[in-house]
Amino acid sequence: MWRRGDVSACLLAATVSGWLLFGSGGYTFLSLASNVLLLLLTVLFLWAKAARLLNRPEPPIPEMHVSQQVVNEVVAMVHSVLNTVFSVFHDIALGRDSVLFYQVFLSLWIISIIGSLTDFTTLCYTSIVAVLTIPALYKKYEECIDRYMRFAYMNLQMYEMVYERFSAKCFHRARDLVIEVLKEP
């Protein structure tokens, strides 16, 4: 999507205006939706009353309803997703999948940290801005970024080797010290 400049610009403008409206303005989405629906309902009501008084046609409002088939499909999908989530929760709670427990724990912990640092509107805004700008910046500066990433990866491997040697050395010293202490009595 970031390659289509007009779509990205519109999405970015909508995101910025939404963030300014909801994030810094103290306006909530629920109050905005309520006010828009109130305005729409008032305009349609006054239009219908004026149309009857002036012998004009009423506003063209389509008959709105949800079919039973759509409701059944949505309920079946929600039912399936909830059963999967409950099954995974059950497996984790009983200790059957340790790796999944650590993955879920780490994910929830990161979400908790991010949630304590920012509100939902700002998080959505920064996520959309990042999704729109990071791929374009990477495409533009791909060679430079790849060079620095290779450099960082090599440094990380070097520090990992140093850490492994240091931790093995400390482990052996601690083991030897414990053996000496146990032999002394």
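**Figure 1. Residues 28-48 in the predicted model.** Helices here are DSSP runs of H or I, at least four residues in length. The model is predicted. Over residues 28-48, the chain is 95% helix and 0% strand. The C-alpha atoms at the two ends of this segment lie 30 Å apart. An unreviewed UniProt entry lists residues 28-48 as "transmembrane region".

**Figure 2. Confidence along the protein chain.** Mean pLDDT is 85 for the protein chain. A value of 70 or more is reached by 95% of its residues. Helix 1 (residues 5-24) has the lowest confidence, with a mean of 77. Helix 3 (residues 68-93) has the highest, at 93. Where pLDDT is low, predicted coordinates should not be read in detail.

**Figure 3. Salt bridge between Glu 58 and Arg 52.** The structure holds three salt bridges. Here the side chains of Glu 58 and Arg 52 meet, at 3.3 Å from N to O. Is Arg 52 buried or exposed? Arg 52 has a relative accessible area of 52%, so it counts as exposed, the cut-off being over 50%. Glu 58 is partly exposed, at 47% relative accessibility.

**Figure 4. Salt bridge between Asp 91 and Arg 96.** The closest N and O atoms of this pair are 3.2 Å apart. Asp 91 is partly exposed, with 26% relative accessibility. Arg 96 is exposed, with a relative accessible area of 58%. Asp 91 falls within the residue range of helix 3, residues 68-93.

**Figure 5. Salt bridge between Asp 176 and Arg 175.** The two side chains meet at 3.7 Å, N to O. Asp 176 is partly exposed, at 37% relative accessible area. Arg 175 is also partly exposed, at 38%.

**Figure 6. Aromatic cluster of Phe 101, Tyr 102 and Phe 105.** A search of the whole structure finds two aromatic pairs. In one pair, the ring centres of Phe 101 and Tyr 102 are 5.2 Å apart. Their planes meet at 65 degrees, so the pair is edge-to-face. Ring pairs link Phe 101, Tyr 102 and Phe 105 into a cluster. Phe 101 is partly exposed, with a relative accessible area of 34%. Tyr 102 is exposed, at 56%.

**Figure 7. Arg 147 over the ring of Tyr 148.** Which residue lies over the face of Tyr 148? Arg 147 does, at 5.8 Å from the ring centre.

Methods:
Residues numbered from 1 in each chain as written. Predicted model: local features only at pLDDT ≥ 70, side-chain atom pairs only at ≥ 80, totals over all residues. Heavy atoms only, no water. UniProt positions renumbered as here; feature names shortened; annotations may be inferred. pLDDT = per-residue confidence, 0-100. Salt bridge = Lys/Arg side-chain N within 4 Å of Asp/Glu carboxyl O. Buried < 20%, exposed > 50% of the residue type's maximum accessible area, 1.4 Å probe, protein only. Phe/Tyr/Trp six-rings, centres within 6.5 Å; stacked < 30°, edge-to-face > 60°. Lys NZ or Arg CZ within 6 Å of the ring centre and 35° of its normal.
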